Amino acid sequence: MDLAQIVSLSKRRGFVFPSSEIYGGLGSCWDYGPLGSQLKMNVKKIWWNAMTRRSDICGLDAAILMAPMVWKASGHIDGFSDPLVDCKNCQTRFRADNTESYLQHKKCPQCGSTQLSEPRNFNLMFKTHMGPVEDSGSAVYLRPETAQGIFVNFLNCQVTTRMKVPFGIAQIGKSFRNEITPGNFIFRTREFEQMEMQYFVKPGSDQKYYEEWKNTRLNFYHKFGIKKENLRFHPHGPTELAHYAKAAVDVQYLFPMGWSELEGVHNRGDFDLTQHMKFSGKSLEYFDEAAKEKFIPYVIETAVGCDRLILAFLCDAYHEEKLDEAGEVRVVLRLHPELAPVKAAILPLSKKPELQEIAEKLRSDLSEVVECAYDESASIGKRYRRQDEIGTPYCVTIDFDTLQDQAVTLRHRDTMKQERISLVSLAERLPMLLKNF
Ligand code: GAP
């Protein structure tokens, strides 16, 4: 399987389209289509529930635009940059720190010229202006990470929830980075969605919670079906650590282009709260009532890109299966049922009104409980293939026997097994089947 197959399936079936496609697209921007938007919703839901249904984590939805001082304090204005080199011959612009031909021979990766500029730091934040006047005083930034919204709201959340350290704040939202080398479909884009959680702990207990969160996050991926052999930890060495991190590990996934970061788990120490105290002049200390002491909590952060996780789920679920000796192949997305955009497809065997009537009523009843699709065009075999390709766990076929026995055929996506079950029991049975999938 290569990435092109995932890109093609995504376009063909309405998961992901190139942004502004009729205008030729916009570099590294993507739109989630009818199935993709539902899949994205489901990915966010499983992450959100895994975090906020714990008694020690609350949610937050902070604004994308923040006071510019936030980015001074966080280090993004001064340090969030990549070194860029311009080729004077072919005008290609590339990164100095990860371009092989430059690192080894000081040559342009495009034309091989050695007529190159010195590396210059290029800040990755998108800048815009607030209000009608475009002067330096009105400059604001689109946030490059959601984390800072959590740090500046640390005490607001703590005071209003009355949670005691250790506790966490979870947030899902858009982030923007003017990446020099975006690419690999939705893996690296300039506009993306992050799912971040900051867990505030007492200094000294940070290493324990760092280890705990590494395992919690890995188990999350196992639970939702990502194959164990496609996941690994990559601890950061001293030269890889971000300016704020005391310790960090990437959860890597084996994407079609190789092992790459899916999620970061970081021990950020007290860097962020201390910086915001310094720059805002406001105390962000926590008062431990039991011990009658004040301290600045340390932070364990888990940070994953929603879009990147969608790509991992799609890659992991994608299977091509040979069905017979003649070489017929079925494409099946073995998505975890909680992720599948459609849970059940209702398929009347023919377009006869008496079958349509039952099928339409069933679709309407079941839609109260789960996401359903209705399809009455093409042969039943073709319709099963369509549903396999988008990961629908169950198909329900209404045939002429249904008129007599009030039963339907339930077809299982992964085994392709079929069983006859009573029409009235479906609304009750389907959620159970999905739960115990
Ligand atoms: N607050 C810490 C932070 O933002 P990061 O490692 O820069 O850490 C966390 O980002 C996660 O966000 C990454 O592991 C990745 O999944 C996702 N991410 C980062 N940049 C991205 C981009 N340009 N496109 C898509 N996802 C991205």
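Helices, as H or I runs of at least four residues, and strands, as E runs of at least two, are taken from DSSP and numbered from the N terminus. The model described here is predicted.

Two local backbone features fall in loops that flank strand S9. The loop between S9 and strand S10 (191-201) holds Phe185. Although Phe185 is not a glycine, its phi is positive, at about 60 degrees. The loop between helix H7 (154-161) and strand S9 (167-176) contains Pro166. The peptide bond that joins Val165 and Pro166 is cis, with omega at about 10 degrees.

A further loop residue, His236, was examined for its surroundings. His236 is located between strand S11 (231-235) and strand S12 (247-255). Leaving aside residues up to four places away in sequence, His236 touches Leu241, Ala248, Val249 and Asp250. For Val249, the separation from His236 is 13 residues in sequence, while the C-alpha atoms of the two residues are 5.6 Å apart in space. With Asp250, His236 makes a polar contact from side chain to side chain at 2.8 Å.

At the level of the whole protein, the domain assignment gives domain 1, made up of residues 3-68 and 142-314, and domain 2, residues 342-435. A distance of 37 Å separates the C-alpha centres of domain 1 and domain 2. Domain 1 contributes 7 residues to the contact, and domain 2 contributes 6 residues. About 530 Å² is buried between the two domains, and carbon and sulfur atoms supply 49% of this area. On the side of domain 1, the residues that lose the most area to domain 2 are Arg13, Leu35 and Gln38, which together account for 61% of what that side buries.

The polar component of the interface was then considered. Between domain 1 and domain 2 there are 2 salt bridges. A salt bridge is also formed by Glu389 and Arg12, whose closest N and O atoms are 2.5 Å apart. Across the interface, 3 residue pairs are in polar contact, with both residues at pLDDT 80 or more. Helix H1 (3-13) and helix H2 (34-52) are the elements that give two or more residues to the side of domain 1 that touches domain 2. By class, the residues of this side comprise 3 nonpolar, 2 polar and 2 charged.

Helix H2 also takes part in a salt bridge with helix H10, in which H2 provides Lys40 and H10 (residues 306-317) provides Asp307. The N to O distance between the side chains of Lys40 and Asp307 is 3.6 Å. Because Lys40 and Asp307 lie in these two helices, the pair ties together parts that are 267 residues apart in sequence. Over the whole structure, the search finds 37 salt bridges.

The ligand is surrounded by 22 residues, of which Glu145, Thr189, Glu196, Glu261 and Leu262 come nearest. Nitrogen atoms of the ligand were examined for their distances to polar atoms of the protein. In the case of Glu196, an N or O atom of the side chain is 2.5 Å from a ligand nitrogen. For Glu301, the corresponding distance from a side-chain N or O atom to a nitrogen atom of the ligand is 2.9 Å. Phe187 presents a polar backbone atom, which is 3.5 Å from a nitrogen atom of the ligand.

How values were computed
Residues numbered from 1 in each chain as written. Predicted model: local features only at pLDDT ≥ 70, side-chain atom pairs only at ≥ 80, totals over all residues. Heavy atoms only, no water. Domains from an automatic or database assignment. Contact = heavy atoms within 4.5 Å. Buried area = accessible area lost by both parts, 1.4 Å probe. Salt bridge = Lys/Arg side-chain N within 4 Å of Asp/Glu carboxyl O. Polar contact = N/O pair within 3.5 Å; in protein donor to acceptor, adjacent residues only side chain to side chain. Nonpolar A, V, L, I, M, F, W, Y, C, P; charged D, E, K, R; others polar. Near = heavy atom within 4 Å.
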